[in-house]
Amino acid sequence: MAYEIKKAAVLGAGVMGATIAAHLTNAGIECLLLDIIPFELTDDDKKKGLTEQSPEWRNRFATNGLNGAVKSKPASFYSKKNASMITIGNFEDDLKRLAEVDWVIEVVIENLKIKQDLFAKVEKIVRPDCIVTTNTSGIPIKDISANFSKGLKERFLGTHFFNPPRYMKLLEIIPGEETKPEVVNSMKTFCEDVLGKGVVICKDVPNFIANRIGVFDISNAITIMVEKGLTVPELDAVIGKSVGRPGSSIFGTLDLVGLDTGYHVMNNLYEAVPDDEMRKYFQPSDFMQKMVDNKWLGNKTRQGFYKRSKDEKGKKVKLTLDYKTMEYVPFQKPKYASLSNASKKEGGFADKLKVLFNGEDIAAEVVREYLCRNFIYAANRVPEISDTIVGIDNAMKWGFNHRLGPFETWDAVGVKEAVEVMKQLKLKVPKKITEMLKTKCESFYLKKDDGKYYYDFETKGYVKLDENPKIILLPSLKERQKVVKSNLGASLVDIGDGIACLEFHTKMNAVDGDVVTMINDSCDIVEKDFLGLVVANHGTNFSVGANIFQVLLAIQKGDWDLLDKLVHDFQYANMRMKYCEKPVVTAPAGMALGGGCEMAMHGTKCQPCGETYIGLVEVGVGVIPAGGGTKELMVRVTEGIPDGAVANGLNLQTFYQKVFENIGMAKVATSAMEAMELGYIRKTDGISLNRDQQIWDAKEIALGLSRFYRKPRQAMIPVMGGNFKGMAESILYNMRHGNYVSDYDVHVAMKLAGIIAGGDCAEGTYVSEDLILDLEREAFLSLAGESMTQDRIMHMLTTGKPLRN
C-alpha cells in the first residue's frame, strides 16, 4: 500500500501541538488542529452571551493554541498567512473529520489513560490507509498501543518532534513491535524530504535516544560542577563551544528550555530506568528542586541560573545564581589557560579540542572527566537504545545542537588516548571498547575510497554507511578530484550529470574580487562544458554580502576608480549569471544579505532553503544596493504588467512603493516564504525544507531547465521619473518631521528614489537594466564619499552592528 500525506490532523493544541501544525503548513500540508472543549463557562463567557453550544467557546483551546503559534517568537510559521491552512475544532464535534486525513499525530498531555481513551475514538474513524502517530517523549509506544486492533498497530508509531519544531532538525521515529516496515520507511522519507527533518529510528525505550543521552550529558556536567566546587559561569565557560556545545552552554540552555521542563525530564528518567548504571545522575539536585519551588524557571520567569537586573544607577547588569547560598551574585567571566590555548591552535575543531583535552588546568580536568563519562555512557547504550553509534551521534547533533556526536567526539580526542584517561580516572572502560582496540580498530569512523564506514559493535568490524543520493557533499567531491577550477574565494565543482556547483569559501562567504572572478569563469566553463550551474555552499550563511573592509580600504585611499571597478565588476558578474547561455540556479540558505541577496536574485531560478534570511540591508551603512539588487526588484515588480498598460496611464506608484520600502527600511525576510512576499524570491520558485538535500534539489531544477533552455532577453523597465522622486520626498518629509528618520536617512533615501525613478525622464519611459545599474553605481559612489557613510562603515566593522541615529 502506498502512503501519501496531503492532509494531517494534530490532536492537542498546546504549544507543541500548535507549532507542529504550523510547521506542517510550512511544508504545504493542510491541517486540522483539535483539542478538548473547556470545562465550564466562565462569568466573562456568560457576559459575552456565549453558551455551551457556541463554537467560540467549544473551540477555545484550539483557537488559543493557533493564536499562540501565530504570535510565537521565534516564528513558528514561515509566513503568518499559513495559519489559514489550519482548521480548528474540538474532540467532541470534529473528531469525525479525521476520516479526511492521511496522518493523525497525537500531542496531548503525557497521561497514558487519556491517550488510550482518545485513540480508542480515533481508531473508529480513520481510514485504513491513515498513519497514526504519537509525539510522546516518555510513555512507551507498546503501552499506548496495547488496546489497538492489529490493523492500527501496523500503522502506528512514535514521531517525536523536538521543540521548536520549525527549527530543530531531529525527529525520532519509534516503531511499535507490529508496525509495518513500509509504514516506517514511508514516514522516514516523508519527514526527511517534505518536513526537512533529520530522522533517527529509535527503540521503544525510556526517552528514546536524544533525551536519554542528552539528559545524562547535562546531569553529568552538573554533577562535576558540584563535585569540583565550580560556579555556574565557570562550568558554562568550560562546557560550551570549546567542546562543541551550543553557545548557551549547560545552564543557559536550561534557562532557555525551562527549569521545570528539565527537572521533569530528569525526574521521569530517574523513575523509568531503575537498572541504568548511571541512574543516580538523573536525580535532580537539591538546588534545582528549590529553584522549581521558587518558580525560578529560567527565561520564562526572567530568572533561573541567570538573571538580568539593574544596579543602583539603573545600569543593566547580569547576575548568576550561587547554588550554595541560593542568592544571585554579579556575573564574572572566567578565564582558563587551556581554553585560551585551544582557541589559538591552528586547524579545525578536532585539533583545538585535543589541546583542551590534554591541558593541565581545572578546565581541562573538567573536560576530560565530562567527556570520558559521556563516552562510556554512550557506548553502554548500544544496543539498548540504538543498534548503531550513528543513530546516537546524529540524535545528539540534530536534537541537542552538539557539533559532534559522542563517538565522533571520541574520535576527535583519540579513542586510545581517551581510554588511558578513563583508566587514570578509575572509570570502568566498556568491554566492547577494549575488544575493539584489540582488533586494531582505533577509530569509530573510517574513510575509504568507496565511502565512509562506522564501527559496528555486533559484527566487531566496520560497516559502510548508507549514502543518501539526495545529499551532495561538496568536500567529498573535492576529495575525489571533482574541482573544475578554484581560487582563494570560490571553487567550481562537478556535481555530476552535467551540472557544476559554484561554492564560495571566503570568510562568511563575503563577496570579493576572487568570488567575482569565479562567477565569470564559472559561466564561461559551464556554457562550454556543462548543462547548467548551481550556486550553493554548505556554509552557515550563503553570503553576508560584500567584503566591507575591501570597500572601506578603497574609500580611505580615495581610489574612486578602483571602487567604481569593484562595483561595476560585481554588477556584471551578476548579469553574467542572469544571462548565461545555460541555466543558473541559486540556492541560498542562512543569511543572504546585501550582495548575497543580489547574487541569489540573479539566477534563472532560485531554490532557497526554508530557513533563508534574505534582504538588501545596505542602507544600514549609509549606502544603497549596487550589485543589481535595486534593478532586480524593479524588474520583478513590473514584469507582469501587460503591454500597453503603462502607456494607457497605469499608476506605477503602487509597484515601486514596495521596492522603496524594502530597500529603504532594509527589510530582511525571516524565511524563504516571507522572501517571496517581499519579492526577493519569485513565488514560482521552490523551497527546500531539508538543507542537506538543497543542492540536489537545485541540481534537479537545473537539469530540468537545461532540456529546453533559452537565454532570456534583457528586460526593459517602465519608470516614473520625477514623479516618483516627488512622491518619495513627500513621504520622507512627514517621516522626518515625525522624528522617525534622521536627515542623513532622508539623504540616502532620496538617492535611492533617484534610482527607482529611472533618472530624469518622463513617467512611462522604459529604461534598460544597464541604465539602472549605472544609477546604482553612481549613487553608491556618491554616498561612499561622504564622511557620515564612512563612519557607519567603520562602526559596522568594529561592532558588527549598524549605526543608529
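## Surface patch, lone acid, salt bridges

At 30% relative accessibility, M735 counts as partly exposed. Keep in mind that this is a predicted model.

**Exercise 1.** Work out where M735 sits and which residues join it in a surface patch.

*Solution.*
- Step 1: place the residue. M735 belongs to helix α30, which covers residues 722-737.
- Step 2: look for partners. I731 and Y740 make up a nonpolar surface patch with M735.
- Step 3: add the area. Together, I731, M735 and Y740 offer about 300 Å² of accessible area.

**Exercise 2.** Find out what surrounds the side chain of D393, and whether D393 is buried or exposed.

*Solution.*
- Step 1: locate D393. You'll find it in helix α17, residues 389-399.
- Step 2: check burial and charge pairing. D393 is buried but has no salt bridge. The nearest side chain of opposite charge belongs to K397, 6.2 Å away, while a salt bridge needs the nitrogen and the carboxyl oxygen within 4 Å.
- Step 3: look for other polar company. A polar atom of the D393 side chain is 3.4 Å from the backbone nitrogen of E408.
- Step 4: list the contacts. Leaving out residues up to four places away in sequence, D393 touches G405, P406, F407, E408 and Y445.

**Exercise 3.** For the salt bridge between K478 and E503, say which parts of the chain the pair ties together.

*Solution.*
- Step 1: get the distance. The closest N and O atoms of K478 and E503 are 2.5 Å apart.
- Step 2: map the ends. K478 is in helix α21 (residues 474-479) and E503 in strand β17 (residues 499-504), so the bridge ties together parts 25 residues apart in sequence.
- Step 3: compare the cover. K478 is partly exposed at 28% relative accessible area, whereas E503 is buried at 9%.

**Exercise 4.** Now do the E632 and K578 salt bridge, then decide how accessible each partner is.

*Solution.*
- Step 1: take the distance. Here the closest N and O atoms are 3.0 Å apart.
- Step 2: map the ends. E632 sits in helix α26 (residues 629-638) and K578 in helix α24 (residues 560-578), so this pair links parts 54 residues apart in sequence.
- Step 3: read off the accessibility. E632 comes out at 1% and is buried; K578 is buried too, with 11%.

**Exercise 5.** Give the accessibility of the two partners in the D743 and R736 salt bridge.

*Solution.*
- Step 1: confirm the bridge. The side chains of D743 and R736 meet at 2.6 Å, N to O.
- Step 2: classify them. D743 is exposed at 54%, and R736 is partly exposed at 26%.

Terms used. Residues are numbered from 1 along each chain as its sequence is written. This is a predicted model: local features need pLDDT of at least 70, side-chain atom pairs count only at pLDDT 80 or more; totals for chains, interfaces and linings use all residues. Side-chain values use heavy atoms; hydrogens and water are left out. Patches are made of residues with over 30% relative accessible area and no salt bridge: like charges are joined within 9 Å, nonpolar side chains (Val, Leu, Ile, Met, Phe, Trp, Tyr) within 5 Å. Accessible areas come from the Shrake-Rupley method with a 1.4 Å probe; for residues, only the protein chains shown count as cover. Helices (H or I, at least four residues) and strands (E, at least two) are DSSP runs, numbered from the N terminus. Buried means under 20% relative accessible area, exposed over 50%, partly exposed in between (1.4 Å probe, protein chains only). Lys and Arg count as positive and Asp and Glu as negative; His and the chain ends are not counted. A polar contact is a pair of N or O atoms within 3.5 Å; within protein, one must be able to donate a hydrogen and the other to accept it, and residues adjacent in sequence count only if both atoms are side-chain atoms. Contact means heavy atoms within 4.5 Å.
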